[in-house]
Amino acid sequence: MDLNLFTALSAQATPDMGFAGLVTVTGMSIVFIVLIVLVLIFDVFGRIMARGTKEKKEKPVKAAPKAAASPAVTAAPAPAANGVSPEIVAVIAAALAQYGEKGVIRSVRPAVRRGGRNPWAVAGIMENTRQF
């Protein structure tokens, strides 16, 4: 007696739809359960990593020892004028020096980003999607 799967299936007149439905439901259930478990694992891992970055604190910087032979000359940092630090004032002064006498700057205000993507992200997209 020659038994193989093809002859067994061809001998059966009507397929057992109950068994096929059970196999389908079981397969889909396994897939969704595994997906839910993966989502939970990634969620827990993300929370652990986020908590690890929040707990890091900066160590206080120790002051350099002062020389005993010479008097220490310490300049107090200049107070911020209108909430602008001295470093920003220096950068603005350097920009004004670049214009020289030809350019006229009427106001200085922060640039407002109008949405869109980060320029580095755009450069990466252009690099990776250019034609060959």
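**Helical architecture, surface and side-chain contacts of the predicted model**

The secondary structure of the protein chain consists of four helices and zero strands. Along the sequence, these elements follow the pattern α-α-α-α. The structure is a predicted model, and the protein chain has an average pLDDT of 75, with 64% of the residues scoring at least 70. Confidence varies among the elements: the lowest mean pLDDT, 65, belongs to helix 1 (residues 5-11), whereas the highest, 90, belongs to helix 2.

Solvent accessibility was computed for the whole chain. Of the 132 residues of the protein chain, 0% count as buried. The accessible area of the protein chain is about 13,500 Å², of which carbon and sulfur atoms supply 66%.

A nonpolar patch is present on the surface. The patch is formed by Met-28, Ile-30, Val-31, Phe-32, Ile-33, Val-34, Leu-35, Val-37, Leu-38, Ile-41 and Phe-42, and together these residues have about 1,100 Å² of accessible area. Leu-38, one of the patch residues, is located in helix 2, which covers residues 17-55. Leu-38 counts as partly exposed because its relative accessibility is 39%, a value between the limits of 20% for buried and 50% for exposed.

Helix 2 also contains Thr-26. A polar atom of the Thr-26 side chain lies 2.7 Å from the backbone oxygen of Leu-22. With a relative accessibility of 38%, Thr-26 is classed as partly exposed.

Two salt bridges were counted in the model. One of them joins Asp-43 to Arg-47, with the closest N and O atoms 3.5 Å apart. Both residues belong to helix 2, and because they are four residues apart, about one helical turn separates Asp-43 from Arg-47. The two partners fall into separate accessibility classes: Asp-43 is partly exposed at 35% relative accessibility, while Arg-47 is exposed at 60%.

A salt bridge is also formed between the side chains of Glu-127 and Arg-130, with an N to O distance of 3.1 Å. Glu-127 has a relative accessibility of 45% and therefore counts as partly exposed. Arg-130 has a relative accessible area of 53% and is therefore exposed. In each of these pairs, the arginine is classed as exposed and the acidic residue as partly exposed.

The geometry of helix 3 was compared with its expected length. Helix 3 comprises 14 residues (residues 86-99), and at 1.5 Å a residue these should span 20 Å. The C-alpha atoms at the ends of helix 3 are 20 Å apart, so the distance in the model agrees with the expected span. Gly-100 follows helix 3 and has a positive phi, near 70 degrees.

Key. Residues are numbered from 1 along each chain as its sequence is written. This is a predicted model: local features need pLDDT of at least 70, side-chain atom pairs count only at pLDDT 80 or more; totals for chains, interfaces and linings use all residues. Side-chain values use heavy atoms; hydrogens and water are left out. Patches are made of residues with over 30% relative accessible area and no salt bridge: like charges are joined within 9 Å, nonpolar side chains (Val, Leu, Ile, Met, Phe, Trp, Tyr) within 5 Å. Accessible areas come from the Shrake-Rupley method with a 1.4 Å probe; for residues, only the protein chains shown count as cover. A salt bridge is a side-chain nitrogen of Lys or Arg within 4 Å of a carboxyl oxygen of Asp or Glu. Helices (H or I, at least four residues) and strands (E, at least two) are DSSP runs, numbered from the N terminus. Buried means under 20% relative accessible area, exposed over 50%, partly exposed in between (1.4 Å probe, protein chains only). pLDDT is the predictor's confidence in each residue, from 0 to 100. A polar contact is a pair of N or O atoms within 3.5 Å; within protein, one must be able to donate a hydrogen and the other to accept it, and residues adjacent in sequence count only if both atoms are side-chain atoms. The expected span of a helix is 1.5 Å times one less than its number of residues.
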